[in-house]
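Me: Hey, can you walk me through this one? I'm new to reading structures.

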Amino acid sequence: VHSRGYPPYFNLSSLKKIPKEKSIIWRLSDMWAFTGFCPYSFDCTKFKCHCGSCPQLSYDSHKAELPKPKFDFSCHQIKRKKRIYSKLNLFMVAPSKWMKNLAVSSCLSVKPIREIPVGIDTRLFRQNGRSESRDRLGIGEEELVLACNIPNLNNYRKAFDLLKDVLTLLSKKHKFSLMIIGSQKDHDLFSKLLFPVFCTGFLDTDVDLARSY
């Protein structure tokens, strides 16, 4: 839930309603918890002390993953986060050393931060039913397929524009198809491609995701 024009994450004010004696465990999927605006800061390190004059809200706005608000509230937002976090019994979980190192250098440094890697159910995500999966997706048994997982093709950080250019060059010498997991096929970025594209659309179950992989 979000409000007052803030990014479409949960409402920070709701955290203040949780009694201090209750522990909150927050898994860091991106950097938004400790920045003034962005889920990923690129080469900006302002979050380590304070935000303000956010590059994603000015000259690099095309890189922003979130809708651009009317005003640059990044300085106010990070101060607000610090104020709210200081009153919470908050424990942070980072899925990687990279994310943990970023969190430790941010306003979350005063909170316990533990690295817990993302787990994979190897009973489900394993090589099995290759022919059945290809038949279900309409892919030939001997067809060479390259796959990528990109839920949002317009997301600058996912670099589909670079992938498209590389594969276009590669397609001049090799025959293959591209399968995109998480996106729909009705997208103008697919126009003028020299190779077939399969799109699974958004997959909301691990079973469908495992079959596609």
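**Strands and their partners**

Reply: Let's start with one pair: S23 stands opposite N89 in β2. This is a predicted model, where local features need pLDDT of at least 70, side-chain atom pairs count only at pLDDT 80 or more, and totals for chains, interfaces and linings use all residues. Residues are numbered from 1 along each chain as its sequence is written, and side-chain values use heavy atoms, with hydrogens and water left out.

Me: OK, in which sense do β1 and β2 pair?

Reply: Parallel, over five bridges, with β1 covering residues 23–27 and β2 covering residues 89–94. Two strands pair if DSSP finds at least two bridges between them.

Me: And what about β2 and β3?

Reply: They pair in the parallel sense too, over three bridges, and β3 is residues 113–115. Here M92 has I113 in β3 as its bridge partner. Between β2 and β3 the chain passes through helix α2 (residues 97–104), and this β-α-β crossover is right-handed. Right-handed means that, with the strands pointing away from you, the path from the first strand over the helix to the second runs clockwise.

Me: Cool. How many helices and strands does the protein chain have?

Reply: Five helices and six strands. Both are DSSP runs numbered from the N terminus: helices are H or I with at least four residues, strands are E with at least two. From the N terminus, the order is β-α-β-α-β-α-β-α-β-β-α.

Me: New topic: F34. Where does it lie?

Reply: F34 is in the loop between β1 and α1, which is 74–85.

Me: Why does F34 count as buried?

Reply: Because its relative accessibility is 0%. Buried means under 20% relative accessible area, exposed over 50%, partly exposed in between, using a 1.4 Å probe and protein chains only.

Me: So what does F34 touch?

Reply: Leaving out residues up to four places away in sequence, its contacts include L28, F47, I78, M99 and L102. A contact means heavy atoms within 4.5 Å.

Me: Zooming out, what share of the protein chain's residues is buried?

Reply: Buried residues are 39% of the 213 residues. As for contacts with a separation of 6 or more, 55% of them come from residues 24 or more positions apart.

Me: Last one: what does the C-alpha trace span?

Reply: About 60 × 45 × 30 Å along the principal axes of the protein chain.
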